[in-house]
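Q: I have a model open and want to learn how to read a few of its features. Where do we begin?

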Amino acid sequence: MKIKLSIGVKLYIFIIITVLAVAIGTAFLAYSINANQIDRYYKQVAFDSAVNFSSFVDGDYLRKLRTAAETDEFQSLRETAEENEDEAAIQDYLEKNGLWDDYVETRGKLVRYLRNMTAIKYLYIVACGDENAERDMYLMDDDENPIYETGYYEEREPELRGLDLTKKVEPTISTGDWGWLCSAYAPVYDSNGETVCQIGCDFGMDDVMAERHRSMMYIIFTAIALTVLVLIGAVIFINRIVIKPINSLTAEMKKFKPQKNASYDDADVINLDIHSNDEIEDLYNGIHTMQIDIIDYLNDLDMLQKDKERAEEDIKARDEKIGEISKEAYRDSLTGVGSKAAYIKKVSELNQQMEAGHTDLGIVMVDMNELKRINDQYGHRMGDSYIIGCCRYICDTFKHSPVYRIGGDEFVVILQGLDFNNRLELVEKLKKLYVSAMNNDRAKPWERYSAAVGMAEMASDDRTVDLVFKRADKAMYMDKQRIKEGHVSYR
């Protein structure tokens, strides 16, 4: 049993879904735009700060410091100093190798820059490997970290894996043991223009992310409140101008009782006060007029039967109807194209023309696929829709030629004029239309039209249309085999 929904329920569902979709989409878009703008701002500031500080340091000195820190001697000394928490051992080593004074100067610059730029959470100098490196070495940090951390190797952050930090990389925003950070890296070059190390700059984003969460909650609550208000107003508006008048119309229509010799009141002809100046008023006026016409017709029926003149007019009308029925015999009632009788008549005319020497003749044979399955699974109503859709493709393609339905799923086109001149292109166009419809998995099954197409032209030794038809039918059959082999499981 199909669930029957009134037009009011359908309208309410549509309004609710539409308003919710708009509200949620707008809220998400506003949040995304705001978040992206803030992220871009912090990324740009972090990168500019790293680049700015990189201009204050001596790349040649950092080259020497990195070379010394990478030696096995220094690494062994550093590990011992870290175990003993002995900064003096590292200082002695740097003094012995003439690196200490520049170390103090560079570290002082780093500390002063960090203290002046209060928004920066961490500022450090790190020697990074290529994109395949798994560890990076920290050369220098602020004075809150012991100097024996100089030369300390640390696992590369996950968001930096696979990146070549010797080149410019996009700043990242991530969370971890240090909280939310916006991290940027700027390379430091020596006098030869080679990358020595990178300046790492981290902005703390914990407050920003907390504010972003609050902003998101505010947007959501505001969107919900506005959605409720809009829905209430929309429901009241729709109920007043659409639902209530339609319900009144429906109730009054059910009271109508047409019968002979009855007055309008006795037959309960619809009588409502509807002046909405729209389609509902037009519908009411149409129903009202129709019911009056029905009563008038029933009351006049006896007089019409007794009136000889009217009887003769009825006979004449029936004769004219018979003539119309004869004409209708040449038109397919479902698709509106020519019927099989019309095709037989056309073939007779073409045979006479061929005997008179007419040679410009082409026939296109179209046989639909899957019609039986559509009828069996979805009913003949959907099957009729499938036939009409397939036929429409044919008519839209061959606009200058007559089309005939000669069987339940078979159509024939007699090519003439421009269609005959462009027959090859038009046949390929029709095939592509069916292939496109057949492959459209978003369409309903009865809208995925498919058909085999074959075309044949009149040969010099042809004497009847039947010979051309048989060749077109054979070409169509070959196309059907090709479709089955290439798309056997497309449904």
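The dialogue below takes up backbone angles, exposure and surface charge in this predicted model.

Q: Which value of phi does glutamate 85 have?
A: Check the sign, then the residue type. Glutamate 85 is not a glycine, yet its phi is positive, near 50 degrees.

Q: Where is glutamate 85 found?
A: Look at the elements on either side. Glutamate 85 is in the loop between helix 3 (72–84) and helix 4 (87–96).

Q: Is glutamate 85 buried or exposed?
A: Exposed means over 50% relative accessible area. Glutamate 85 has 62% relative accessibility, so it counts as exposed.

Q: What about phi of glutamate 370?
A: Read the sign again. Phi of glutamate 370 is positive, about 70 degrees, and this residue is not a glycine either. Glutamate 370 is in the loop between strand 7 (362–368) and helix 10 (371–378).

Q: Why does glutamate 370 count as partly exposed?
A: Partly exposed lies between the cut-offs of 20% and 50%. Glutamate 370 counts as partly exposed because its relative accessibility is 28%.

Q: Which residues gather in the patch of negative charge on the surface?
A: Asp58, Asp60, Asp86, Glu87, Asp92, Glu95, Asp101 and Asp102 make up this patch. Helix 4 and helix 5 (100–116) are the elements that each give two or more residues.

Q: Which element gives the largest share of the negative patch?
A: Helix 4 does, with three residues.

Q: How is glutamate 95 placed, and how does its accessibility read?
A: Glutamate 95 lies in helix 4. Its relative accessibility is 40%, so glutamate 95 counts as partly exposed.

Methods
Residues numbered from 1 in each chain as written. Predicted model: local features only at pLDDT ≥ 70, side-chain atom pairs only at ≥ 80, totals over all residues. Heavy atoms only, no water. Helix = DSSP H or I, 4+ residues; strand = E, 2+ residues; numbered from the N terminus. Buried < 20%, exposed > 50% of the residue type's maximum accessible area, 1.4 Å probe, protein only. Patch = residues over 30% accessible without salt bridge, like charges linked within 9 Å, V, L, I, M, F, W, Y side chains within 5 Å. Areas by Shrake-Rupley, 256 points an atom, 1.4 Å probe, with all protein chains shown as cover. Salt bridge = Lys/Arg side-chain N within 4 Å of Asp/Glu carboxyl O. Lys, Arg positive; Asp, Glu negative; His and termini not counted. Charge placed at Lys NZ, Arg CZ, Asp CG, Glu CD.
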